[in-house]
Amino acid sequence: MSSSQDVSRDELDQLARSHDRRMLVQLDAEGWPMVYPMGGFYGDHQFGFTTYRKSQKVVNFERDPRVSFVIVPSEVWDEAPGAGATAVTEEAARAVVLSGKAEVLPPGVGLPEGMEMLDAGHETRASRPGSEMHSKLMASIASGKRAVVLIHADAVQILKGGY
Amino acid sequence: MSRESIALTDDEVARFLSQRGVMALGTLGADGAPCGDIVRYTIHNGLVHFACMKGRQSARNIERDPRICCAVEQNPSYYEIKGVTIRGWARPVDDAGLCRTVLAALPPPPPQGADLAVYYLEPKRTISFDFSKIQNRIPTA
């Protein structure tokens, strides 16, 4: 059975690290929902991400900052299709949904102090600290080419159940 | 590098979607705000079919406004990132036989007695990306 519940800030700290796939849902100019898989940063009970300042995501947020941010564990996201798939049970927390507004920080303003890259130690994060890609990422933020976007959540819900 | 140059072909999109079973679903709330969810899907007759509990927020949103966006993505490593995003309309599947076929194909089939709404996605626009097609690579280590 599908259900939801509120999430404490401490619980969110745990979920931010265990739910390692992140999806951004925003509105385009015509009011359609748009979904983007995202990397992510987290700190002080808040998610953030970076994107090109001229990207469609920034254009959309400057018009309408409302956002839904979904985090899901990779064992759910990568669940193999077919009769053998059993990863998501009825009581499992398959996803956490944060609803609120996105804030695009001004050019040159970097990540808030204490906000760290999620999955930084994972080999899939090509831009992890110490890599050439990470240096380029930070330089791009400092120059204003990339923007830092923060998710200000008004509500956080755990979605349970296989369906 | 333009997005088009790393897009999947139509055949690659079809193959990729058939290899996955979970997608992110974006719907519109009563006030027009975006709502995210995660749902299972299957491909039937070349179209994305999915199901969710009838009382769930996503189902309520679709009943009010069928405009949706779905995203499927894999990310085993940076240059293996691959994804498909489809924007379109969620159309209800009313045929009981087709509903049973779709539900039986979902990974895994839902529990008996679950009150599920079944939809198919009528696509409006498809966007895809395959980072393995990037030519000018930056070292990732």
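This report introduces a predicted model with chains A and B, looking at confidence, the build of chain B and a cavity.

**How confident is the prediction?**

The structure you see is a predicted model, and its overall scores are ipTM 0.90 and pTM 0.90. Chain B has an average pLDDT of 90, and 94% of its residues score at least 70. For chain A the average is 85, with 82% of the residues at 70 or above.

Which elements mark the two ends of the confidence range in each chain? In chain B, helix H3 (residues 96-105) has the lowest mean among the elements, 91, while strand E5 (82-92) has the highest, 97. In chain A, strand E1 (residues 3-6) sits at the bottom with a mean of 54, and helix H2 (residues 56-63) at the top with 98. Where pLDDT is low, the predicted coordinates should not be read in detail.

| Element | Residues | Mean pLDDT |
|---|---|---|
| H3 of chain B | 96-105 | 91 |
| E1 of chain A | 3-6 | 54 |
| H2 of chain A | 56-63 | 98 |

**A walk through chain B**

Chain B is built from three helices and six strands. If you follow the sequence, these elements come in the order α-β-β-β-α-β-β-α-β. Its C-alpha trace spans about 50 × 35 × 25 Å along the principal axes.

How much of chain B is buried? Of its 141 residues, 50% are buried. The accessible surface of chain B amounts to about 6,500 Å², and carbon and sulfur atoms account for 48% of that area. Contacts also link distant parts of the sequence: among those in chain B between residues at least 6 apart, 69% join residues at least 24 apart.

**A cavity with residues from both chains**

Rolling a probe the size of a water molecule over the atoms shows where empty space is left. In this model, two cavities of 30 Å³ or more are found. The second largest has a volume of about 30 Å³.

Which residues line this second largest cavity? Chain A provides A:Met34, and chain B provides B:Cys69, B:Thr85, B:Ile86, B:Arg87, B:Arg125 and B:Ile127. Strands E5 (82-92) and E6 (116-130) of chain B are the elements that each give two or more residues to this lining. E5 of chain B gives the most, with three residues. By character, the lining of the second largest cavity consists of four nonpolar residues, one polar and two charged.

Strand E5 of chain B thus appears twice in this tour: it has the highest mean pLDDT among the elements of chain B, and it gives the most residues to the lining of the second largest cavity.

Key. Residues are numbered from 1 along each chain as its sequence is written. Chains are lettered from A and ligands numbered from 1 in the order in which they are written. This is a predicted model: local features need pLDDT of at least 70, side-chain atom pairs count only at pLDDT 80 or more; totals for chains, interfaces and linings use all residues. Side-chain values use heavy atoms; hydrogens and water are left out. On a 1 Å grid over the protein atoms alone, a cavity is a set of points where a 1.4 Å probe fits but cannot get out, and a pocket is an open set with protein on both sides within 12 Å along at least five of seven lines; lining residues have an atom within 4 Å of a point. Grid points are joined across faces, edges and corners, and a volume is the space filled by probe spheres set on the points. Helices (H or I, at least four residues) and strands (E, at least two) are DSSP runs, numbered from the N terminus. Ala, Val, Leu, Ile, Met, Phe, Trp, Tyr, Cys and Pro count as nonpolar, Asp, Glu, Lys and Arg as charged, and the others, Gly among them, as polar. pLDDT is the predictor's confidence in each residue, from 0 to 100. Buried means under 20% relative accessible area, exposed over 50%, partly exposed in between (1.4 Å probe, protein chains only). Contact means heavy atoms within 4.5 Å. Accessible areas come from the Shrake-Rupley method with a 1.4 Å probe; for residues, only the protein chains shown count as cover.
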